[in-house]
Amino acid sequence: MEKNYSKDYFTLVKDEERLQDKPLKTKQLTYFQDAMLRFGKNRYNVIASIILGLFILLSIVVPMITPKDLYDKTNSALILLPPRVPLVEQLGILDGTKYYKNQTVDPTTIEDDSVDGSTELGYPSLGFDPEFIDFDTLENYEITGSTVSPYFVGGTNELFVMVNKTAYSIYDSEAFVYGEGDYLLIDIVEMDATGVLEVYFLDTNEYPDYINDTSWEYATLLDTITSSNVTDEPYRIDLDNTVFYDENSNWSYDSGIFFYRYVLDNPSEIGADSVELESIGLYDINDQERYYDWGYDLATYKLYSTDPDTENGVFIRQDAIMMAASFEYNVYDALFSDSLAIYGKTEYDEVIEQNPEMLDAIIDCQVEWAETDDEYQYVEQYCGENTLWIFVDEDGGQDFPITGVESIETKTILGRTYYNYKVYENGRYSLGFETIPYFVFGTDVFGKDLFTLIWLGLRTSLMLGFFASITNIFFGIIWGSISAYYGGQTDMLMERFTDIWGSFPQITMISIISVYVGPGFWALYIFLVYDGWIGVSRITRMQFYRFKGREYVLAARTLGAGDRRIIFKHILPNALGTIVTRVILSIPAVIFLEVNLSFLGFGIGNGQTLEIGPLSLTGTSIGVILNDGQQQILAGNTWMIIFPTLIVSILMITFNMFGNALRDALNPQLRGSE
Amino acid sequence: MRNYIIQRVIWIFIILISSLTITFVLLKSAPEFPPAKTEEKDTWLTRQVQDGYYTVEYYSENPEGIDGVLGTEDDLGTMEEYAAVLNEATEKDAINETVFYISPIGDSTVYKIFTRKPIIQQYFTWLEQVVLHWNWGTSTKIRVNQPAFGLISEKMPLTLQINIFVLLFYIPFGFLFGIISALKKDSFLDNMIQIFIMFFMSLPALVFILLLIILFSYTMDNFLPSLFPLKGIETGWDYAKGFVIPVLAAGLPAIAGFTRMLRAELSEVLTSEFVLLAKTKGLSHQQAVVRHAIRNSLVPMIPIIIGSFAGLLSGSFILESVYAIPGVGRVTLQALNGGNYDYNVLMSSSAFYSVIGLFTVLIVDLSYGIIDPRIRMGAKK
């Protein structure tokens, strides 16, 4: 049933008012303002982003402001200087001292108490100046080792016969003088019962040319020691008149050597048959020692075999003890201190001419100075025992290339007299520094400043990460968008292609790139790019599937937009945020990879330059620095590992935090949320 | 299910064969690097001729004077021909790249010129050699004239051994830390574990092993060796000590990664409805967690564990080269470093890594189906 309503039945509501959008009560924000707001919410992420920004800035600025000599050139004087940081050095850390371990003690220094009172501790003299050793940290201890060196004392020596051989011999390194009634004491610790020790004697007066193939013919077998003879007491062999009596020579002036030959019954099976000797001594009739060889002396006995095919072995020193020292050494002060040098007269005059103020600063050390004189304190402080004169300015500074003259040598050749000045050369001047420099991260094996090198390496890494990401985004977006936009058969084929391409083993790829391109920046770049775009294309594809069915795409198509326009003008801008954040999050992985590959030798080596268009940059890599540093670990130069590690780790942490923050900030779903 | 497995296996084989084909073609199209010493070079090239990768021509100053050894006199060319062939090769820049000549060695008076066959012929020969005879060629650098695959397979046990140790080390700790941090979320313990994860995720394994060497070898005075000990020289105990640093270096970052994933997975499961249901039914919190939550969170972990094996293996590259472990990775790097590449060893190790990697993928795919019945495999869209 139809109802009929008259027109009066209806009245117009708000006929007078115009309908308009009501102003929003909240503040309006654009997408990026909102994103920035949410980005700033998380304090830690902001701090991380600031640190990251600082790192990037440093990696650009530091290589630019550092003098090129400090990181580009090998500087042999400055190698392996430890870190030294201003202000922090006051705390006693990073103060340019280096802790040395297991340094061989020079025994003569133990009694020497002239340097620093009576420490009764020894220190090495070779390569170290006691003036710069921190005696508070000096410690002495014993190291057990098997090195044949006079610094290692005591221990036993073991004579081994090799596998399939039957015997091996040792003999005294020097001939000795013997007399009537002498006896030999051989202290054997242990002897394997599979063999016996034969002692031979050779008269060296009769056979001066004693070491040749015929020695055994003239040597006389004195005695054979079996394992049952080995007791706690040394084995005694009395020198027999019948053996030693020599018609041609007088008893008391005769000389000879002993051979000790360890002979096995059967050829050795595993090469473990041995005789262990403690000492060998020769005594005269009054029990006076003629010689007594043990430890190092015994270890220097020479090895001998008549026939290398049947006789061979090794003579190994065991349980010898060395006195070692550990201490802190002020490497900087030692390097930049004054050192003695010889200057010719012309050379000396040249220095004076270039620094005229030096003439005013001369203080003569040879004159008697009264304690009341102004200069007296300097004389007392700087003048050595024999110093002729020194250069000290009014404030007591010695900022001159030469700080003093020790002596003058004169030489007269062909009527002309030459003067040689023995001077104290100022270490800072000779190395080209005005003050003692601060290498805050130390220097590397080439004497390059590690601080600059690390930022250089980081610059390379970041540049590589940046270029690789741009390329990956470019190709990934094109591939992914085409694949997803057309869908169906095209999508399937393109997907299968990326499947195969992406499952290529990386090692194969490294091989191929190395063979064709050779190691360097471009090899790394290709390696990062060849499958890096696949990740981007997958994300793009996913995003495209999300957006391509939307109404605005349909609307654009209805209005006659072409494929290219729809892809790049309509769909892509919507998907870009997600894609970019994902790529930024992948940069740390790129840096990891770069460090690893450079370490393995596929990246930018030391001193290689990087040519990018008109730019020519000195390149190195954190990986290369670490590789150099690895060789230095056991020498104690650990800063070459620790500082690059620290920087890379901080970079990784901040990069990850920054990426996460960016992802949260750009996520449209979180828009406006608190 | 059966169809799915067959499909996956076929697909894996297609990928394997195509990747090995591309590798072979690209490597063998590059200039050859035969062994450096003349005798070894001669042996190697002769072997290549036998295997069918090269052809050889013989020349002599006195062709009539020699017979018997090399077949008939017709095989021998004159010195003019020899010079002509070499000239032609020089003009094409092929000398010492694809064409090699050997001057007479010892008593012989025969000059030889070896020429590499076109890549297509080489490829089919290679397929035949590998499939029928399991012949991967001989090494040119690492161990001259020894079978290349033998070199790799000899090193495999050590590489696999270390990786299995790492696996055995990281799984229990990963589970422990992951479960603790998920159950005690936002507690002090959880925060400590989070810091631990953060630390190891941002430290390259390379750097980590170097730090371990500093700690155990330098600071603690050679408590652990600074390089991998050689078997045979060291006694059993000293040899075993060599495993500590590599296993720690690879294991700790793996623990961090695993803990992070398990924590995320388990905390999601803990808030899910079926755990709530279990509690509603009257189970205690502990019962609900152990019987329902943890079990369910393990489902996606199993494929991750299997998959991590391939990841560890490729990571062991760095490990082996830093710690001087004589494994597959180190041999591969030796074959690759220093310019004169050892192609056959590279091919063999490529095959090794491809097979392990791809079959891990296969097992992961299959394990998804076995563990989680919700995944209907092989179903058409």
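Is Asn145(B) buried, partly exposed or exposed? Asn145(B) counts as partly exposed, because its relative accessibility is 21% and the buried class stops at under 20%. Keep in mind that this is a predicted model. Here's a quick tour of the two chains, the contact between them, and a few residues to look up as you turn the structure around.

**Chain A**

- Chain A is built with 21 helices and 23 strands.
- The radius of gyration of chain A comes out at 42 Å, while the globule rule gives 26 Å for 674 residues, so chain A is more spread out than a compact globule.
- Along its principal axes, the C-alpha atoms of chain A take up a box of roughly 160 × 85 × 50 Å.
- Of the 674 residues in chain A, 45% are buried.
- Take the chain A contacts with a sequence separation of 6 or more: 74% of them are between residues 24 or more positions apart.
- Chain A has about 36600 Å² of exposed surface, and 53% of that comes from carbon and sulfur atoms.
- On the charge side, chain A carries 41 positive and 97 negative charges, and the mean positions of the two sets sit 35 Å apart.

**Chain B**

- Chain B has 14 helices and four strands.
- With 381 residues, a compact globule would have a radius of gyration near 21 Å, but chain B has 29 Å.
- The box around the C-alpha atoms of chain B is roughly 100 × 65 × 35 Å along the principal axes.
- Buried residues are 47% of the 381 in chain B.
- For chain B contacts between residues at least 6 apart in sequence, 69% link residues at least 24 apart.
- About 19100 Å² of chain B is exposed, with carbon and sulfur atoms supplying 62%.
- Chain B has 28 positive and 33 negative charges, whose mean positions are 22 Å apart.

**Where the chains meet**

- Chain B puts 42 residues into the contact, and chain A puts in 38 residues.
- Together, the two chains bury about 3600 Å² between them, and carbon and sulfur atoms give 76% of that area.
- On the chain B side, the residues losing the most area to chain A are Ser202(B), Leu210(B) and Tyr218(B), which together make up 17% of what that side buries.

**Two loop residues with positive phi in chain B**

- As background, most residues other than glycine have a negative phi.
- Asn145(B) has a positive phi, near 65°, and isn't a glycine.
- You'll find Asn145(B) in the loop between helix H4 (119-133) and helix H5 (148-183) of chain B.
- Asp186(B) is another non-glycine residue with a positive phi, about 65°.
- Asp186(B) sits in the loop that runs between H5 and helix H6 (188-201) of chain B.
- Asp186(B) counts as exposed because its relative accessible area is 60% and the exposed class is over 50%.

**A loop residue in chain A**

- Asn312(A) is in the loop between strand E14 (302-304) and strand E15 (313-318) of chain A.
- At a relative accessible area of 24%, Asn312(A) is partly exposed.
- Setting aside neighbours within four places in sequence, the contacts of Asn312(A) are Phe160(A), Val161(A), Met162(A), Lys165(A), Ala167(A) and Tyr168(A).
- From Asn312(A) to Val445(A), the C-alpha to C-alpha distance is 42 Å, and the two are 133 residues apart in sequence.

Key:
Residues numbered from 1 in each chain as written. Chains lettered and ligands numbered in written order. Predicted model: local features only at pLDDT ≥ 70, side-chain atom pairs only at ≥ 80, totals over all residues. Heavy atoms only, no water. Helix = DSSP H or I, 4+ residues; strand = E, 2+ residues; numbered from the N terminus. Rg over C-alpha atoms; globule rule 2.2 N^0.38 Å. Buried < 20%, exposed > 50% of the residue type's maximum accessible area, 1.4 Å probe, protein only. Contact = heavy atoms within 4.5 Å. Areas by Shrake-Rupley, 256 points an atom, 1.4 Å probe, with all protein chains shown as cover. Lys, Arg positive; Asp, Glu negative; His and termini not counted. Charge placed at Lys NZ, Arg CZ, Asp CG, Glu CD. Buried area = accessible area lost by both parts, 1.4 Å probe.
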